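Work through the exercises below with the structure open. Try each task before reading its solution.

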Amino acid sequence: MIEDAYTREYKGYLITISPHEDRCSRFAVAVTDPQGVEFKHAAQAGKDEERAFEYGRRIVDWELGFARQKEEEAERTKRK
């Protein structure tokens with residue numbers, strides 16, 4: 001995988017930012033899962049590149065936490 005100024009890998013996910021002015025934001029972000037499917041795009045990701053990447057990392061962390069919670073709930077349901 002090639003990382004450049006606008007693409008970074010985080011926990012197996014690919015975060016891509018692009019210049020996009022929308023209100024106070026100057027960057028958009030797209031997040032692609034490890035299978036290569038883009039599952040989130042946000043037009044207002046941040047005022048600068050680092051904030052946009054941070055927004056992308058928060059999306060990934062939320063997605064992983066949600067998946068973990070669903071797995072735990074499924075496991076509890078099996079035990080009943």
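The model is predicted. We start with an aromatic residue: Trp62 is exposed, with a relative accessible area of 55%.

**Exercise 1. Classify the ring pair of Trp62 and Phe66: stacked or edge-to-face?**

Solution.
- Step 1: place the residues. Trp62 and Phe66 both lie in helix 1, four residues apart, which is about one turn of the helix.
- Step 2: check the surroundings. Trp62 is exposed at 55%, while Phe66 is partly exposed at 36% relative accessibility.
- Step 3: take the geometry. The ring centres of Trp62 and Phe66 are 5.1 Å apart and the planes meet at 5 degrees.
- Step 4: apply the cut-off. Planes under 30 degrees apart count as stacked, so the pair of Trp62 and Phe66 is stacked.

**Exercise 2. How many aromatic pairs are there in the model, and which parts of the chain does the pair of Tyr13 and Phe39 link?**

Solution.
- Step 1: count. There are two aromatic pairs.
- Step 2: describe the pair of Tyr13 and Phe39. Their centres lie 5.9 Å apart, with 70 degrees between the planes, and the pair is edge-to-face.
- Step 3: locate the partners. Tyr13 sits in strand 2 and Phe39 in strand 4; they are 26 residues apart, and the pair links distant parts of the chain.
- Step 4: compare exposure. Tyr13 is buried, at 10% relative accessible area. Phe39 is partly exposed, at 30%.

**Exercise 3. Which residues are linked in a network of salt bridges?**

Solution.
- Step 1: get the total. The model has five salt bridges.
- Step 2: take Arg8 and Glu50. Their side chains meet in a salt bridge at 2.8 Å, N to O. Arg8 is in strand 1 (residues 7-10) and Glu50 in helix 1 (residues 49-79), 42 residues apart. Arg8 is partly exposed at 28%, and Glu50 is partly exposed at 42%.
- Step 3: take Glu54 and Arg57. The closest N and O atoms of this salt bridge are 3.0 Å apart. Both residues lie in helix 1, three residues apart, or about one turn of the helix. Glu54 is partly exposed at 35% relative accessibility.
- Step 4: join them. Arg8, Glu50, Glu54 and Arg57 are linked in a network of salt bridges.
- Step 5: add a further contact of Arg8. It lies over the face of Phe53, at 4.0 Å from the ring centre.

**Exercise 4. How far apart are the closest N and O atoms of Asp48 and Arg51?**

Solution.
- Step 1: read the distance. The closest N and O atoms are 3.9 Å apart.
- Step 2: apply the cut-off. A salt bridge needs a distance within 4 Å, and Asp48 forms one with Arg51.
- Step 3: check exposure. Asp48 is partly exposed at 34%. Arg51 is exposed at 51%.

**Exercise 5. How many bridges join strand 3 to strand 4, and how many join strand 2 to strand 3?**

Solution.
- Step 1: strand 2 (residues 13-22) and strand 3 run antiparallel, joined by seven bridges. One bridge partner to note is Val31 in strand 3, opposite Ile15.
- Step 2: strand 3 and strand 4 (residues 38-46) also run antiparallel, joined by five bridges. Here His41 in strand 4 is the bridge partner of Ala30.
- Step 3: look at the turns. The hairpin of strand 2 and strand 3 has two residues between the strands. The hairpin of strand 3 and strand 4 has five, and Gly36 in its turn has a positive phi of about 90 degrees.
- Step 4: check the cover. Seven of the eight residues of strand 3 (residues 25-32) are buried.

**Exercise 6. Is Ser25 buried or exposed, and which residues does it touch?**

Solution.
- Step 1: place Ser25. It belongs to strand 3.
- Step 2: test burial. Its relative accessible area is 8%. Buried means under 20%, so Ser25 is buried.
- Step 3: find polar partners of the Ser25 side chain. One of its polar atoms lies 3.0 Å from the backbone oxygen of Phe27. The backbone nitrogen of Ala45 lies 3.2 Å from a polar atom of this side chain.
- Step 4: list contacts. Leaving out residues up to four places away in sequence, Ser25 touches His20, Ala43, Gln44, Ala45 and Gly46.

**Exercise 7. Where is Lys11 found, and what is its phi?**

Solution.
- Step 1: Lys11 is in the loop between strand 1 and strand 2.
- Step 2: its phi is near 50 degrees, a positive value in a residue other than glycine.
- Step 3: Lys11 is exposed, at 51%.
- Step 4: turn to Arg23, in the loop between strand 2 and strand 3. Its phi is positive too, near 55 degrees. Arg23 is exposed, at 76% relative accessibility.

Key. Residues are numbered from 1 along each chain as its sequence is written. This is a predicted model: local features need pLDDT of at least 70, side-chain atom pairs count only at pLDDT 80 or more; totals for chains, interfaces and linings use all residues. Side-chain values use heavy atoms; hydrogens and water are left out. Buried means under 20% relative accessible area, exposed over 50%, partly exposed in between (1.4 Å probe, protein chains only). Two strands pair if DSSP finds at least two bridges between them. A polar contact is a pair of N or O atoms within 3.5 Å; within protein, one must be able to donate a hydrogen and the other to accept it, and residues adjacent in sequence count only if both atoms are side-chain atoms. Contact means heavy atoms within 4.5 Å. Rings of Phe, Tyr and Trp (its six-membered ring) pair if their centres lie within 6.5 Å; planes under 30 degrees apart count as stacked, over 60 as edge-to-face and the rest as tilted. A charge sits over a ring if NZ of Lys or CZ of Arg is within 6 Å of the ring centre and within 35 degrees of the ring normal.
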